[in-house]
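Student: I have a model open and want to work through its architecture with you. Shall we start with the strands and then turn to the helices?

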Amino acid sequence: MTDARPRPTMRSVGSTLEEFERDLISNLYYQRGTTLESASGSDGYHTLALTVRDRLIERYARTAAAHYEANPRFVYYLSAEYLLGRQLRQNLLYTDTEKLARPIAAQLGTSIEELERYDVEPGLGNGGLGRLAACLLDSMATLDIPAVGYGIRYEFGIFKQGFRDGAQVERPDDWTFYGNPWEFPAPDDRQKVGFYGATAPVLDDPSGLRRQWSPGEIVRGEPSHMLVPGYGTQTVNIVRLWRARASRESFDLSRFGAGQYKEAVEDITRAENISKVLYPDDSTEQGRELRLKQQYFLVACSLRDIIRRYRLRNDGWDAFPAKVVVQLNDTHPVMAVVELMRLLVDEYRVDWDRAWSITRRTFNYTCHTLLPEALETWPVALLERLLPRHMELIYSINYFFLQEVEATFPGDGDRVRRLSIISEDGERRVRMAHLAVVASSAVNGVAELHTRLLTETTLRDFAELWPQKFHNVTNGVTPRRFVRMANPRLSELITTTTGSERWITDLDQLDALAGKADDQEFLDRWRAVKRANKVDLAALVEQSTGVVMDPDSLCDVMIKRFHEYKRQHLKLLHVITLFNRLREDPDLDVVPRTVLFGGKAAPGYHSMKLLIRLVNAVAEAVNTDPVVSRHLKVVLQPDYNVSRALVVIPAADLSEQISLAGKEASGTGNMKLALNGAVTIGTLDGANIEIRDRVGAENFFLFGLDAQQAEEQRRHHNPRAYYETDPDLRAAIDAIANGVFAKGDRTLFAPVVDAMLGRDEYLALADYRAYMECQERVERAWRDQDAWARMSVLNAARCGFFSSDRTVRDYCDLIWRVDPVRVTG
Ligand code: GL7
């Protein structure tokens with residue numbers, strides 16, 4: 001039947017000042033239900049957000065229509081974490097409506113800055129991995145790649161960090177408490193997910209590979225999505241986040257009636273706990289059932305949604321891998337491969353070999369670590385209980401895989417044992433990284449060194465088996481958020497220097513700045529930008545910590561999660577050494593410095609929480625010492641997050657990237673800082689190597705052992721020998737041990753001292769002297785401000801490569817093989 005009625009069209013949102021104002025007032029009345037006279041600040045924010053959002057909706061509708069029409073191959077990005085950052089300023093920029101919103105806000109007696117205070121950052125991630133996911137989504141949209149991100153809508157995001165007596169205290173992040181205007185619920189697309197229960201054979205399956213699973217618990221996943229606009233293009237993709245709900249009948253009315261209030265909501269609580277909190281741990285696996293439940297919940301909902309979308313335009317399964325490419329962001333979503341096998345084999349009755357071929361052609365896996373403790377494994381016993389059918393499927397996958405290994409390396413039992421998806425040493429566990437590699441077409445590391453070390457160490461046996469599976473895709477960061485939004489002053493200077501705003505989507509244009517590195521007038525302007533940014537940072541620091549920071553001091557920043565391998569303690573030894581020297585010789589000629597730390601420690605990571613306490617204690621000692629504080633200030637910026645990063649990064653002069661070589665997979669803060677003109681002091685680790693290759697050795701402060709030397713050093717490392725032979729090092733460690741930073745208490749920080757003198761796991765003592773000498777080179781360089789500015793310019797100019805647009809192009813060329821779909825305006 002054809003419908004002869006004209007299709008209703010959307011009222012088009014306008015692009016004039018009058019239209020924007022009209023829509024704003026209309027949203028205030030009809031959406032917010034208030035009036036100009038009685039509107040609160042929060043009303044103002046929500047109204048502005050809705051008005052800006054309206055401008056994206058139309059583009060989103062056109063994107064959806066263009067995608068439907070083209071029926072393209074889609075990238076589905078599965079990630080347990082997203083650190084999207086605040087949305088208001090981004091969406092004002094991407095819709096080019098700031099110029100409309102600003103005068104109207106002023107007319108109404110407020111300002112964008114004032115309203116932005118109500119804009120809450122969705123902190124649905126821990127660190128670099130979550131922020132990378134957000135950068136890739138931004139670049140995919142900007143490059144018109146048809147893509148959907150899938151994740152979990154945690155009710156509580158990454159905890160808020162405060163300090164009490166210098167110790168970290170964690171407060172819950174109830175990020176949607178006042179509502180989230182950027183999100184669209186889509187209750188019609190909800191899905192059912194099973195857990196527990198039992199499996200049984202099916203009668204008509206001679207292969208015995210198909211079985212039936214009757215789950216013991218059913219939970220619903222309810223999606224909502226946020227818009228992911230591209231910059232300078234019409235494409236608006238989405239990120240779809242799942243929230244766990246109990247089924248409708250879960251509320252026990254009779255128990256409630258009997259006054260058993262807690263019992264009445266038991267089922268609801270159990271179901272909803274699944275999406276309650278983000279696991280505040282970015283490195284070590286916590287053997288927690290709830291986390292595994294989260295992981296399966298995410299992939300079960302997402303795969304059903306992917307299949308639903310696929311079936312809108314396609315029939316049968318043959319075309320599935322041609323239309324669907326799934327990227328697994330680390331091992332957290334790896335159960336997706338098993339779930340797809342279950343859906344195909346058990347529910348859609350596809351035979352095993354065909355199902356396996358489809359699965360293998362659909363998935364790809366990105367590994368983000370080298371730390372053995374961060375490679376997830378799950379106890380077989382837990383899987384058998386929680387996901388009994390999946391455990392059976394894993395056994396079958398492993399059985400066929402090991403047959404393949406046996407055929408390639410006959411008689412090599414040891415290799416079979418090493419490659420097996422199930423580890424048999426001690427408690428039997430499923431190795432998620434192995435499962436991921438076995439079931440994926442492509443596996444990638446995130447920086448050149450990382451990929452090389454993966455293929456030589458962690459995943460070596462796999463690289464020998466399938467060398468063509470392994471790729472490197474060096475990480476990148478979005479220039480929109482981390483230059484254009486973070487650093488408007490620098491953006492202005494880049495635009496006037498390069499002659500256009502093209503650099504925002506073509507970061508290689510920054511190269512043109514290199515030609516200005518010897519132009520005195522340009523260098524002066526460059527420095528003026530940096531200084532103004534430091535004044536802004538000083539305001540944040542003073543307001544949040546009370547510390548007064550001199551904007552002319554060298555701004556030395558170490559911003560990242562607290563982790564032993566990142567070696568915040570090595571930085572602290574440098575600070576304490578400066579402290580000791582200045583106390584000994586008040587006239588010492590040192591470069592004035594502000595050392596700014598930012599980062600959280602996982603709530604259960606006690607050694608790092610103690611280190612945070614020590615950083616705060618050292619800061620207190622330094623900042624209150626009348627002599628030392630004239631030259632040195634130390635700050636631990638509380639609650640470091642994406643929003644704070646946008647203030648810190650543009651102000652940094654020196655970027656601390658001092659992890660033990662071979663431990664940091666890539667790092668992305670290093671890229672953001674270099675792009676904003678900070679010069680790196682770092683080891684040959686992760687992407688530092690590629691940064692140095694590009695900016696030139698003369699514009700990079702390199703120190704320390706390389707990955708191979710570190711490996712060798714580890715075998716005979718004797719931290720005490722360094723302590724005993726290096727008087728500065730000894731003085732620094734003694735100061736901690738003697739209670740200088742604990743009002744004479746020698747016990748409080750004793751574990752920090754013991755860790756350094758005992759095992760010194762990450763060889764900080766071995767790198768200490770090289771690091772000190774390197775910091776002296778930094779000081780000498782800083783004294784020539786023109787030369788420093790030149791280095792700073794060249795760092796930004798030569799880091800265009802680290803745009804996540806390039807990263808996404810690499811994924812497209814090497815792995816995804818997707819084509820852009822242009823959305824017309
Ligand atoms: C990480 C790596 O530690 C980090 O080096 C990398 O830049 C990032 C993105 O690839 O991924 N892996 C990880 O588990 N977290 C990371 O930040 C939390």
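Student: Which strands and which helix make a β-α-β unit with helix 28, or rather around it, and what is its hand?

Tutor: Bear in mind that this is a predicted model. The helix spans residues 688–695, and strand 25 covers residues 701–702. Strand 24, helix 28 and strand 25 form the unit, and its hand is right-handed.

Student: Which helix lies in the β-α-β unit made with strand 23 and strand 24?

Tutor: Strand 23 covers residues 654–657 and runs parallel to strand 24, with four bridges between them. Leu 654 is placed opposite Val 679 of strand 24. The unit is right-handed, and its helix, residues 669–675, is helix 27.

Student: How many bridges join strand 24 to strand 25?

Tutor: Ile 681 stands opposite Phe 701 of strand 25. Gly 682 stands opposite Leu 702. The strands run parallel, and the number of bridges is two.

Student: Is strand 24 buried or exposed on its two faces?

Tutor: Take residues 679–682 side by side. Val 679 and Ile 681 cover one side. Thr 680 and Gly 682 lie on the other. On both faces these residues are buried.

Student: Which strands stand at the edges of the open sheet?

Tutor: The sheet has six strands with parallel pairing, in the order 22-21-20-23-24-25. An edge strand has a single partner, so one of its sides lacks a neighbour in the sheet. The edges are strand 22, residues 632–637, and strand 25.

Student: What angle does the direction of helix 24 make with that of strand 22?

Tutor: Helix 24 covers residues 606–624 and packs on the sheet. There the helix touches strand 21 and strand 22. With the direction of strand 22, the angle is about 145°.

Student: Where does Tyr 640 lie, and is Tyr 640 buried or exposed?

Tutor: Tyr 640 lies in the loop between strand 22 and helix 26. Its contacts include Ile 559, Gly 598 and Lys 600. Buried status takes 20 or more C-beta neighbours within 10 Å. Tyr 640 has 21 of them inside 10 Å, so the loop residue counts as buried.

Student: Which elements do the buried residues of helix 18 pack against?

Tutor: Helix 18 covers residues 448–458. Its buried residues include Leu 449, His 450, Thr 451 and Leu 454. They pack against strand 18, strand 19, helix 28 and helix 29.

Student: How many C-beta neighbours does Val 483 have inside 10 Å?

Tutor: Val 483 is found in helix 20, residues 479–485. Val 483 touches Leu 490, Ser 491, Leu 675 and Asn 676, leaving aside residues up to four places away in sequence. Its C-alpha atom is separated by 8.4 Å from that of Ile 504, 21 residues apart along the chain. Val 483 counts as buried because its number of neighbours is 25.

Student: Are helix 12 and helix 15 roughly parallel or roughly perpendicular to each other?

Tutor: Helix 12 covers residues 335–347 and helix 15 residues 388–408. Their axes are 10 Å apart, at an angle of about 95°. Angles of 65 to 115 degrees are the perpendicular class. The two helices are therefore roughly perpendicular.

Student: How do the residues of that contact of helix 12 with helix 15 divide?

Tutor: Met 335, Val 338, Met 341 and Arg 342 come from helix 12. They meet Arg 389, His 390, Leu 393 and Ile 394 of helix 15. The division is five nonpolar, one polar and two charged.

Student: How far apart are the axes of helix 6 and helix 35?

Tutor: Helix 6, residues 128–142, packs on helix 35, residues 804–816, at about 75°. That makes the two roughly perpendicular. The contact includes Cys 135 and Leu 136 of helix 6 and Thr 807 and Val 808 of helix 35. The axes are 8 Å apart.

Student: Which residue of strand 12 stands opposite Tyr 150?

Tutor: Tyr 150 belongs to strand 4, where six of six residues are buried. Strand 4 pairs in the parallel sense with strand 1 over four bridges. With strand 12, strand 4 pairs in the parallel sense over five bridges. Opposite Tyr 150 stands Arg 240.

Conventions:
Residues numbered from 1 in each chain as written. Predicted model: local features only at pLDDT ≥ 70, side-chain atom pairs only at ≥ 80, totals over all residues. Buried ≥ 20, exposed ≤ 12 C-beta atoms within 10 Å, placed from the backbone. Pairing = 2+ DSSP bridges. Right-handed = clockwise from strand over helix to strand, strands pointing away. Axes fitted to C-alpha atoms, helices over the stretch in contact; angles between N-to-C directions. Parallel < 35°, antiparallel > 145°, perpendicular 65-115°, else oblique. Contact = placed C-beta atoms within 7 Å. Nonpolar A, V, L, I, M, F, W, Y, C, P; charged D, E, K, R; others polar.
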